[in-house]
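Welcome! Here are some short exercises, each with a worked solution, to help you find your way around this structure. Have a look at it first, then try each task before reading on.

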Amino acid sequence: MFFEVVKDREFSKTDILNQKSILSLVIVALVATLVSGVTGICFQTLDHWAHNTKINELFVSDWPQRIPLKGPVVSYYYGYYVVPVLLSKWVGQIREDIIFIWTAFGFFLGFAWLYLALNRKMIFVILALSVGDTPRFLKVILSNLVGQPYEFGDFAIEPWSNFENLFWVPNQVIPTFIIAGMFVYILKNKINAEYMVLPVALSFWWAVFPSVTSGTIIAIVVLRKWIMKSWKLDWSQVIKLVILPFVVCLPVLLFYLSHEHLPASGFVWQFSGSFGNRMLEYSLNIGVNLVLFTLVYFYFQKKIVSVLPVFPIFVTLCLIMLFPLFRIGKLNDFLFRGLMPCLLVAGIYLFYPIAAVSNYKKSWALIRRTPYSLVIVLLLVSSSMIAGGRLARAIAVNQVTTRLFPDKVAFKPIPYDGYSGIYEALQAKWTQEEADQYLGKKDSFYELNVSPLNSR
C-alpha cells in the first residue's frame, strides 16, 4: 500500500519542500520537542509520570506487556513508545537522545503536513494549533471579574487545543498533526480521500481517541463521495485503500477490547451533578467555539475565493457539537484527546483563506478589511494567549534556568524508574479507577489467540 501511494502522480511537485522550508520545520520540530517536556529538558506536566514509567516498564520487561508480571496482557496504547524502547533495549540502556530524536522526527512530519496545508505560512500553522482555547481565555477574564462562571464537576466538558495537549500527550499530538495536515492537503488538492484510511489505521495504536474522531470525519467524507457516485466504484481500489487498512485495525481493536474493567462512559446527563451547571459548562466551552468558528468561516467564504470545500468543515463542526455530549474515561479523555483532530482541522480551515494569499502583508490587509473581520479574527487569535503562557512557562522553568538561578527556579526532571510500573504510577498520581483501565482480561480472545504463545 505504501508503494501504491508512492507511485501516485496526483501529488503536486510544487509542494516539494526546499532546503529553507526543511530548516524551518526542523527548528520548529526541535522547539516543540523541547517545550513539550520530552526527556525532561523543560517543564513537565503530570502526564510525563505516565510517559516515563511506560518507557521504563517496556524497557525492563518482556513483551507483550503484562500487569502484574504474570498477569494478563495489558490493554492500552503503546505505539509511540515501542520504537525508542526497542532501540534502547538493543543498546542496553534507556537512551534519551533516541527518545528525543524519535519525537522530533514525528513533530517534523506533522508540522510539514500542516505547513503544506496552510500554504507554507508557519505563523498560521502555530495559530491553528491554538484554536479551541478561546473559551478558556474568556473564563480567565470572567473569573477575575465576577468569579467562576460555573462549578467544576468530577469531569470536564472543556476542549483543549492541540498546543495545550502538546505539553500533556505529545504521543497523541504527533499523529493528530500528521492526519489533520494530510487530510486538508488532500481536500485542497482534490486528491483521493481514501488515501487517508491507512494513516488513521496506523495511528490507532498511538492515539485511540484522535484516530476514532478523525476516522469518523474521513469515513463520512468518503461515504458521501461514494453515494454521489451512486456506488459505481473501482472495488479493487476500495479493497486496497479502505478495507485492508480497516483489517489492520482489527488486532489492535481486539487488544483494546481485552479490558478487565471498562472506563467510565455514558452521556453527560447520566452522571451525578447539576444538569443546569453542566449545560452552562457545555454552552460556554463548546458553544462559544462553535459560534466563533462559524462566524469566521462564513465571513471569509463570502469575501474570499480561496476557501476549502464546505462539507468537511460542516461534519467537523457537527462532531465538535456532538462528541462532548458523551463521556469516556475518568477525566473525560475522549473529549480532551478526541477533539484534537476536530479542532485542528477547524483551525486550518479558519486560517486557510488568509494564508492562501501570496504574503503576510496581504493576509493582514484581509484581516483588517472591516472592523467586523478584525474583531472575529482577533477573538479567534485570543486562544493563543493560553499557548503563550505555556510557552513562557517552558522557557522560564527548565534545566538551564535551574542551574543559572537555583534560588528562584526549582525544577527536577521526572524519573523513568520512579514507580515499578504504570499501574502503581496511576494509583499514586491519579486514581485506582484510572489504574484499573490498564488491566487486561485474563484469557481474553486477544491473549489466547493473538499474543505470542511462548509468552504465557
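Angles between helix axes from 65 to 115 degrees count as roughly perpendicular, those under 35 as roughly parallel and those over 145 as roughly antiparallel. Keep in mind that you are looking at a predicted model.

**Exercise 1. Find how α16 and helix α17 are oriented to each other, and which residues make their contact.**

Step 1: Locate the two helices, α16 at residues 340-355 and α17 at residues 360-367.
Step 2: Take the angle at which they pack, about 110°, with the axes 8 Å apart.
Step 3: Compare this with the cut-offs: about 110° falls within 65 to 115, so α16 and α17 are roughly perpendicular to each other.
Step 4: Look at who takes part. Pro 353, Ile 354 and Ala 355 come from α16, while Ser 363, Leu 366 and Ile 367 come from α17.
Step 5: Sort these residues by class: five are nonpolar, one is polar and none is charged.

**Exercise 2. Describe how helix α5 and helix α9 pack.**

Step 1: Start with the positions, residues 96-117 for α5 and residues 170-188 for α9.
Step 2: Their axes come within 8 Å and cross at roughly 25°.
Step 3: Since that angle is under 35, α5 is roughly parallel to α9.
Step 4: Add the hand of the crossing, which is left-handed.
Step 5: Pick out some of the contact residues, including Phe 107, Phe 111 and Ala 117 of α5 and Val 173, Phe 177 and Tyr 185 of α9.
Step 6: The classes in this contact are 15 nonpolar, four polar and one charged.

**Exercise 3. Is Ala 117 buried or exposed, and which residues does Ala 117 touch?**

Step 1: Place the residue: Ala 117 belongs to helix α5.
Step 2: Its relative accessible area is 0%, and under 20% means buried, so Ala 117 is buried.
Step 3: Setting aside residues up to four places away in sequence, Ala 117 touches Gly 181, Val 184, Tyr 185, Lys 188, Ile 348 and Tyr 352.
Step 4: For a sense of distance, go 51 residues along the chain to Arg 66; the C-alpha atoms of Ala 117 and Arg 66 are separated by 41 Å.

**Exercise 4. Work out whether Asn 171 is buried or exposed, and name its contacts.**

Step 1: Asn 171 sits in helix α9.
Step 2: With a relative accessibility of 2%, Asn 171 is below the 20% limit and therefore counts as buried.
Step 3: Beyond its neighbours within four places in sequence, Asn 171 is in contact with His 51, Tyr 77, Tyr 80, Tyr 81 and Trp 206.

**Exercise 5. Describe how helix α3 and helix α21 cross.**

Step 1: The helices are α3, residues 48-60, and α21, residues 422-429.
Step 2: Their axes come within 9 Å, crossing at roughly 160°.
Step 3: As this is over 145, α3 is roughly antiparallel to α21.
Step 4: The crossing is right-handed.
Step 5: From α3, Trp 49, Ala 50, Thr 53, Lys 54 and Glu 57 meet Ile 422, Ala 425 and Lys 429 of α21.
Step 6: By class, this contact has four nonpolar, one polar and three charged residues.

**Exercise 6. Explore the largest nonpolar core.**

Step 1: The core has 138 residues, and among those touching the most other members are Phe 107, Phe 111 and Ile 320.
Step 2: Helix α16 gives the most to this core, with 13 residues.
Step 3: Follow Ile 320 outwards: apart from neighbours within four places in sequence, its contacts include Phe 293, Cys 342 and Ala 346.

Notes
Residues numbered from 1 in each chain as written. Predicted model: local features only at pLDDT ≥ 70, side-chain atom pairs only at ≥ 80, totals over all residues. Heavy atoms only, no water. Core = buried A, V, L, I, M, F, W, Y, C linked by side-chain atoms within 4.5 Å. Buried < 20%, exposed > 50% of the residue type's maximum accessible area, 1.4 Å probe, protein only. Helix = DSSP H or I, 4+ residues; strand = E, 2+ residues; numbered from the N terminus. Contact = heavy atoms within 4.5 Å. Axes fitted to C-alpha atoms, helices over the stretch in contact; angles between N-to-C directions. Left-handed = near helix turned anticlockwise from the far one by under 90°. Nonpolar A, V, L, I, M, F, W, Y, C, P; charged D, E, K, R; others polar.
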